[in-house]
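Colleague: I would like a close look at a single part of this model. Please keep it brisk.

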Amino acid sequence: MAETSVAAASSSFTEELKLSAGDLWERVVEHKFTVELATGTIDRNTVLKRYLIQDYRFLDAFCVLLGSIIAKARTLQDRIPACQFLGVVTSAENTYFTRCFEALNVTQAEQDAVPDADCTTGFCNLMRDAAVNGTLAEMLSVIVVCEWTYLTWADKVKDKTKRDDFCTYEWVDLHSGPEFEGIVSHFRSLLDKEGEIISVDERKRCQERFLHAMQLEVDFFDMPYITPDDDHDHYLITTIISTSYHYLEAVRSMVEILKEEMKHSL
């Protein structure tokens, strides 16, 4: 992929950043994960489960990044939409994950047993580093990737989304519609304004953050499709751990049933 340098120009800064991403943008917004999610053909017990376990681990780092944007924003009017969005992330979105884990029989023990994927570690590190060491423009460059790409793919699939399983259609709903369009527009507007006043060097740092986030988005959508042949040792370890926890839970359930039966027999 040929990267395009970002310098001051007549088009908006966010459009320039998107253009600099080249084919990475399409690889995210046209990814088969998004289509399978919408059409309900996604493998819930492997692909969706892997995705949700790893994605939920972003939430804390994402809140740190969003909180830092709120703190660094230049006016109250700039902060308020971000504050409202933080409320959505920590309520409706957080609850979506917990409900999905319950529906898919993913226990806390199973979640804890699965190691972070490389892209998960990379994304969490990027968010935290931008929040701690980055400028407002750099922070916005990361969050704009996260939200703008998701709005784009969700808008593409929303009309063909099958609505028989909340685990699939609610993820589309959370990333589409007027309210989500509004927050994406707000973040883009803030970054566009920053692009007009920051130095050429800072614009380049924003581009680096943006492209790093774009590559991680591609890697993250690819991640749940990793097969045993792609990463045999990792697959075996996580499968054995997952199976062991399910087995232990079944044993515990049987023990509790036997205890109850023994009580009644005495």
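Colleague: Where is the kink in helix 6 centred, and about how many degrees is it? Please also describe the helix around that point and what covers it.

Modeller: Bear in mind that this is a predicted model. The kink in helix 6 is centred on Val 89 and comes to about 30 degrees.

Start with the length. Helix 6 covers residues 76-103, which is 28 residues. At 1.5 Å a residue it should span 40 Å, and its end C-alpha atoms are 40 Å apart, so the two values agree.

Now the buried side. Val 89, the centre of the kink, is itself buried. Before Val 89 in the helix, Asp 78, Ala 82 and Phe 85 are buried. After Val 89 come Glu 93, Tyr 96, Phe 97, Cys 100 and Phe 101, also buried. An α-helix has 3.6 residues a turn, so residues three or four places apart point the same way.

Next, the cover. The buried residues of helix 6 are covered by elements that include helix 4 (44-56), helix 5 (58-72) and helix 7 (108-113). Helix 9 (136-157), helix 10 (166-174) and helix 11 (178-197) are also among the cover.

Then the exit. Just after helix 6, Asn 105 takes a positive phi of about 60 degrees.

Last, the setting. The protein has 13 helices and 0 strands. Of its 266 residues, 47% count as buried. Among contacts with a separation of 6 or more, 81% join residues 24 or more positions apart. The accessible surface comes to about 13300 Å², and carbon and sulfur atoms account for 54% of that.

Key:
Residues numbered from 1 in each chain as written. Predicted model: local features only at pLDDT ≥ 70, side-chain atom pairs only at ≥ 80, totals over all residues. Heavy atoms only, no water. Helix = DSSP H or I, 4+ residues; strand = E, 2+ residues; numbered from the N terminus. Expected span 1.5 Å × (residues − 1). Bend = angle between axes of the 7 residues up to and from the residue. Buried < 20%, exposed > 50% of the residue type's maximum accessible area, 1.4 Å probe, protein only. Contact = heavy atoms within 4.5 Å. Areas by Shrake-Rupley, 256 points an atom, 1.4 Å probe, with all protein chains shown as cover.
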